[in-house]
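Biologist: Hi! Could you pull up the model so we can go through it together?
Modeller: Sure, here it comes.

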Amino acid sequence: MKTLTLNVTNLDGTDHAVEALAGWQVMEILRDHGFPIKAECGGACCCATCHVYVAPDWVDRVNPMGEDEEVMLDSAMDVRENSRLSCQIVMTEALDGLHVIIAPNPE
Amino acid sequence: MDNQGIMAENQHKTDVVIIGAGPVGLFAVFELGLLDIKAHLVDILDRPGGQCAELYPEKPIYDIPALPVVTGQELTDRLMEQIKPFNPVFHFGQMAESLEKTAEGWRVTTDLGTVIDAKVVVIAAGGGSFVPKKPAIPGIDAYEGSAVFYAVRKMEQFRGKHLVIAGGGDSALDWTLNLQPLAASLTLVHRRDDFRAAPDSINKMRALVADGKMKLEIAAITGLSGADGALHAVALQSKEKGDYTIPADCMLAFYGLTMKLGPIANFGLNLHENLVPVDTEKFETATSGIFAIGDINHYPGKLKLILSGFHEAALMAQQAFRYVYPERKLRFQYTTSSSDLQTKLGVAQNEAA
Ligand SMILES: Cc1cc2nc3c(=O)[nH]c(=O)nc-3n(C[C@H](O)[C@H](O)[C@H](O)COP(=O)(O)OP(=O)(O)OC[C@H]3O[C@@H](n4cnc5c(N)ncnc54)[C@H](O)[C@@H]3O)c2cc1C
Ligand code: FES
């Protein structure tokens, strides 16, 4: 399977390019690489602890937000226009190079 | 069974105290009960079910043996029904805060002062205790406990205050309606003009706004200002209004719950990455008489599944029996064929007839 790249800006502002597999949730990729997301519900859209911002030039290219996700974002912190729950974005070849910014997670 | 009894109102003595009333803690009551072992359970939530009830009550689970599909809440309800014959005692809304050795076993004390003495302790704390999410607002720490709260303990505390409530779910709406008559002013702040709460509460809130009795701000909270723990204003930001502030002297934030290991970290158990190591024969920790089952434990090959937790509960109960009834011999029996077990379950043939 082709390895894709996911670009991640961490909370401290540092940029990282990590390997990603198609078919995996962005949350899983972030978690496997040790980025600071709790992802407490394991990707079931039930916890809002996998919150990220999608870089502006990628916002229109990721799958649109479902209603569940919009409701769940009510429990996230510092929600912005480009907020997403990373478990609700699945990597595909079309998203090769996707750039996400880790959002502050609640304590 | 005879050592079960209530002493003072807050003092209890039992066989086993289970910390955590998630699915695994609940099923442990069953496995212990079949062996005549009584249990008390402590949970910080106000109801049973742990993650199943709190995080995904409506979502389907497909890998519970013999239940092709069951929701988190249904599973909880069924477990409650299954353990009913054993009359477990629940201490809800309380954090198990300390664990001490006693002459006869162990003493668990909760943050509300409930004291439970037991011969055996079962830690079924799952992903940790459910506690309110603390918003990532800069400087919020300085106001916690004095002006910023995540729960209401005493309503009177908010009388005459300029109150801001943050959130868009049932907790935020319920407290808005309850505290509006007491507060000097009340502003509900939510990120979007859509609420996920009981329709009746939403209607009542909107009516209060229309009558000018409270305010609704569709905005993000960006900061807090004040001095020495006293809050003066909350800074907001919205697309329409840009950056602005509203005067406030108290804020209640309701962003749901998150799991934190909590006090178990101080129980003196050699934790492995926030998990409690156990053996796979008895699911006992390095300290005899203290067991850990379900998501909270760790052993080679561990899978955080409800099914695994159920198995762990059964094996734990075998060893717990040896502590509770050292003089008795353990007998292996099937519920299908043992009239003794069926009597305990209240389904014995002569009874059912
Ligand atoms: C969205 C989602 C979907 C899932 N789907 C499945 C599935 O399909 N199949 C499956 O097998 N599993 C699934 N799981 C996992 C399953 O829910 C867990 O394995 C299970 O809940 C673990 O049960 P538990 O009793 O060990 O702990 P929990 O359910 O975490 O319960 C632990 C309880 O202990 C309490 N507690 C902890 N510490 C303290 C303390 N000090 N004082 C007081 N109370 C305390 C907590 O408040 C909590 O209520 C899913 C989980 C999630 C989040
Ligand atoms: S991991 Fe829980 S909502 Fe994404």
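Modeller: Let me start inside chain B: Phe27(B) and Phe30(B) are both buried. Keep in mind that this is a predicted model.

Biologist: Thanks. Where do Phe27(B) and Phe30(B) lie?

Modeller: Both belong to helix α1 of chain B, residues 23-34, and they sit three residues apart, about one turn of the helix. Their rings make a stacked aromatic pair, with 5.6 Å centre to centre and 15 degrees between the planes.

Biologist: And what kind of aromatic pair do Phe30(B) and Phe86(B) form?

Modeller: That one is edge-to-face, at 5.7 Å centre to centre with 80 degrees between the planes. It links distant parts of the chain, since Phe30(B) is in helix α1 of chain B and Phe86(B) is in the loop between α3 (72-83) and β6 (89-92), 56 residues apart.

Biologist: Is Phe86(B) buried or exposed?

Modeller: Phe86(B) is buried, because its relative accessibility is 7%, and the cut-off for buried is under 20%. Phe30(B) is buried as well, with a relative accessible area of 8%.

Biologist: Which residues do ring pairs link into a cluster?

Modeller: The cluster is made of Phe27(B), Phe30(B), Phe86(B) and Phe310(B). Over all chains, the structure holds nine aromatic pairs.

Biologist: OK, switching to charges. How many salt bridges are there over all chains?

Modeller: A search of the whole structure gives 24. One of them joins the side chains of Asp36(B) and Arg328(B), at 3.2 Å from N to O.

Biologist: Which parts does that pair tie together?

Modeller: Asp36(B) is in the loop between α1 and β3 (39-43) of chain B, and Arg328(B) is in the loop between α6 (306-324) and α7 (339-345), so the salt bridge ties together parts that are 292 residues apart in sequence. Asp36(B) is buried at 16% relative accessible area, while Arg328(B) is partly exposed at 39%.

Biologist: What about Asp36(B) and Lys344(B)?

Modeller: Their side chains meet in a salt bridge too, 3.4 Å from N to O. Again distant parts of the chain are linked: Asp36(B) in that loop between α1 and β3, and Lys344(B) in helix α7 of chain B, 308 residues apart. Lys344(B) is buried, with a relative accessible area of 19%.

Biologist: Now the interface, please. How many residues does the contact take from each chain?

Modeller: Chain A gives 23 residues and chain B gives 19. Between them the two chains bury about 1800 Å², with 50% of it on carbon and sulfur atoms.

Biologist: Which three residues supply more of chain B's buried area than any other three?

Modeller: Those are Leu55(B), Lys133(B) and Arg191(B), which supply 30% of the area that chain B buries against chain A.

Biologist: How many salt bridges are there between chain B and chain A?

Modeller: Five. Among the salt bridges is the one from Arg192(B) to Asp74(A), whose closest N and O atoms are 2.8 Å apart. Strand β19 of chain B, residues 257-260, contributes four residues to the side of chain B that touches chain A, the largest share. That side divides into eight nonpolar, two polar and nine charged residues.

Biologist: Which residues are linked in a network of salt bridges?

Modeller: The network takes in Glu70(A), Asp74(A), Arg191(B), Arg192(B) and Asp194(B). For polar contacts between chain B and chain A, the count is 12 residue pairs, both residues being at pLDDT 80 or more.

Biologist: Backbone next. What is the phi of Cys45(A)?

Modeller: It is near 60 degrees, a positive value in a residue other than glycine. Cys45(A) is placed in the loop between α1 (26-32) and β3 (51-54) of chain A, and it counts as buried at 7% relative accessibility.

Biologist: And what about phi in Asp78(A)?

Modeller: Asp78(A) also has a positive phi, about 50 degrees, although it is not a glycine. Its place is the loop between α2 (67-72) and β4 (83-85) of chain A, and it is partly exposed, with 34% relative accessible area.

Biologist: Last one: where does Pro277(B) lie?

Modeller: Pro277(B) is in strand β20 of chain B, residues 276-277, and it counts as partly exposed at 32% relative accessibility. Leaving aside neighbours within four places in sequence, its contacts include Asn270(B), Glu284(B) and His298(B).

Terms used
Residues are numbered from 1 along each chain as its sequence is written. Chains are lettered from A and ligands numbered from 1 in the order in which they are written. This is a predicted model: local features need pLDDT of at least 70, side-chain atom pairs count only at pLDDT 80 or more; totals for chains, interfaces and linings use all residues. Side-chain values use heavy atoms; hydrogens and water are left out. Contact means heavy atoms within 4.5 Å. Buried area is the accessible area (1.4 Å probe) that two parts lose on being put together, summed over both. A salt bridge is a side-chain nitrogen of Lys or Arg within 4 Å of a carboxyl oxygen of Asp or Glu. A polar contact is a pair of N or O atoms within 3.5 Å; within protein, one must be able to donate a hydrogen and the other to accept it, and residues adjacent in sequence count only if both atoms are side-chain atoms. Helices (H or I, at least four residues) and strands (E, at least two) are DSSP runs, numbered from the N terminus. Ala, Val, Leu, Ile, Met, Phe, Trp, Tyr, Cys and Pro count as nonpolar, Asp, Glu, Lys and Arg as charged, and the others, Gly among them, as polar. Rings of Phe, Tyr and Trp (its six-membered ring) pair if their centres lie within 6.5 Å; planes under 30 degrees apart count as stacked, over 60 as edge-to-face and the rest as tilted. Buried means under 20% relative accessible area, exposed over 50%, partly exposed in between (1.4 Å probe, protein chains only).
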